[in-house]
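The following exercises concern the three-dimensional model shown below. Each task is followed by a solution in steps.

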Amino acid sequence: MQKFLLFLFWIAASLACTTAPATQPINGIPFDGTAYKPIYSSAEDLAKVKISAAEPLAEPGKIYLFDPYIFINESGKGIHIIDNSDPKNPKNLSFISITGNYDMAVKDNWLYADNLSNLLVFDIGDPKAPKLTKTIENAIPINSFPPHTNIYFECPEAKKGIVVGWEKVTISEQPKCFR
Amino acid sequence: MFQMMIHPLKNTTVMRELTTMKRKIVPILFLGLAVAGLLLILSSCESSDKSSDLSPQAGVGGSMARFAITGNTLYIVSKQSLEVYNITDGGSPVKAVKKNMNVGIETIFPYQSHLFIGANDGMYIYNNSNPNDPQLLSKFTHVQSCDPVVVQGKYAYVTLRSGALCRPGNTLSSLDVVDVSNPSNPAMVHSQVMSSPFGLGVSGNKLFICEGDQGFRVMDISNPILPVQKHFFAEIPSYDVIVRNKHLIITGKGGLFQYQFDQDDKYELLSKIPVL
């Protein structure tokens, strides 16, 4: 009986190998020469938060209104703080550089922001000079795959660092990971 | 003597009048109290109807948000969960609860005592009467897509964006109107085709839809279940929008744009901070 099971297992294993070689299309979606590649960062770089003078908008994302201030996310990079006391003449006050930032919310003088999987708390009593007062690590579960489906991607490797984003690249060899 | 006789009689008449007055006054008092109570209830309903922003000291996000604050609670949706933090002490958020969800969670929109969560496969409605422990009431399932949601009165407006990154295949993007008057049993009442919708905003009889690089759409929802297009501003590429008191704040590829609109549906550009 045991031998028979082993035999079945051997058949299944060999079938698995022959029916799904790495270069076959997965889910019927052929590899088109493009794939997503992880953008890595070290834990130290990820934790770096820099507060600077106003910076121009480059890739504005979500908005958060806390009268008279508008907070504008710079996709994946941080938060612009705008003084909107006069909506005809909004003033760009400051920029908080945060890796992996897309979201924020404000209560009283506290600004909450995501830093990939970390939740950051800033004291914005002086919106020109926000102060990082707390970091709650691993507050936000994150995925180790790109935010897209039906695409090929390079499998992340923990030894290379923390995945902070994904970039679409053209590559010659079909990656092993797909979703 | 006659006088003496009449006096007690007079007294009793007075007494009777007093008691009848009492009989009249007491119901009037009760009625008055009831009316006052009703007015109070109605006015509180009205004021909470006006805005989705439940707590005066917190701000308000756009429909694309994954972070939301109501009162002393911070809600964060990750791709696969709802994370709830108590921020009574604003400087020290304390984890209250975590609700595991399916993968593909995108946005959160608090409205009155409910949380509307947009996901790749539908819209989840949580009751957050107990803010530190929201309860799942229902899930309105739709085709695979990217979909923020806003709510006003009985209706939720959900945009479903198709495209390689959101919805496989060639299905069209759409705007769905969902009756959420019974949050335990949401029902779709209308759907129409959109271009490439991202964030959306609702205020009074107006529904605003960010159509990505294609522009900005203004719809009339005087009939809330039948949005009718009023304007399409191709010159305003848009991603997220916040609408407050006839004031629009829009972000997009071009930067930050602010507009003022009036009753006659005229739009005046207040300012812009361009992308450099």
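**Exercise 1. Identify the residues with the most contacts inside the largest nonpolar core, and the strand that gives the most to this core.**

Solution. A nonpolar core is a set of buried Ala, Val, Leu, Ile, Met, Phe, Trp, Tyr and Cys residues joined through C-beta atoms within 7 Å. A residue is buried if 20 or more other C-beta atoms lie within 10 Å of its own, exposed if 12 or fewer, and partly exposed in between, with C-beta atoms placed from the backbone.

- Step 1. The largest core has 91 residues, and those with the most contacts inside it are Tyr112(A), Phe116(B), Ile117(B), Met123(B), Ala156(B) and Tyr157(B).
- Step 2. Strand E11 (residues 155-160) of chain B gives the most to this core, namely 5 residues. Strands (at least two residues) are DSSP runs, numbered from the N terminus.
- Step 3. Beyond four places in sequence, the residues touched by Met123(B) include Phe116(B), Ile117(B), Phe140(B) and Ala156(B). Contact requires C-beta atoms, placed from the backbone, within 7 Å.
- Step 4. A second, separate core has 6 residues, among them Ala35(A) and Phe153(A).

This is a predicted model: local features need pLDDT of at least 70, side-chain atom pairs count only at pLDDT 80 or more, and totals for chains, interfaces and linings use all residues. Residues are numbered from 1 along each chain as its sequence is written, while chains are lettered from A and ligands numbered from 1 in the order in which they are written.

**Exercise 2. Describe the side of chain A that touches chain B.**

Solution.

- Step 1. Contacts link 38 residues of chain A with 41 residues of chain B.
- Step 2. On the chain A side, the largest share, 7 residues, comes from E3(A).
- Step 3. By class, this side holds 24 nonpolar, 8 polar and 6 charged residues. Ala, Val, Leu, Ile, Met, Phe, Trp, Tyr, Cys and Pro count as nonpolar, Asp, Glu, Lys and Arg as charged, and the others as polar.
- Step 4. E3(A) also pairs with strand E1 (residues 60-61) of chain B, antiparallel and over 2 bridges; pairing requires at least two DSSP bridges. Leu65(A) has Val60(B) as its bridge partner in E1(B).

**Exercise 3. Why is one side of E6(B) and of E9(B) left without a neighbour in the sheet?**

Solution.

- Step 1. An open antiparallel sheet of 4 strands in chain B has the order E6-E7-E8-E9.
- Step 2. Strand E6 (105-111) and strand E9 (135-141) of chain B are at the edges with a single partner strand each, so one side of each lacks a neighbour in the sheet.
- Step 3. E6(B) is joined to E7(B) by 6 bridges, and Tyr111(B) has His114(B) as its bridge partner in E7(B).

Note on methods. Contact = placed C-beta atoms within 7 Å.
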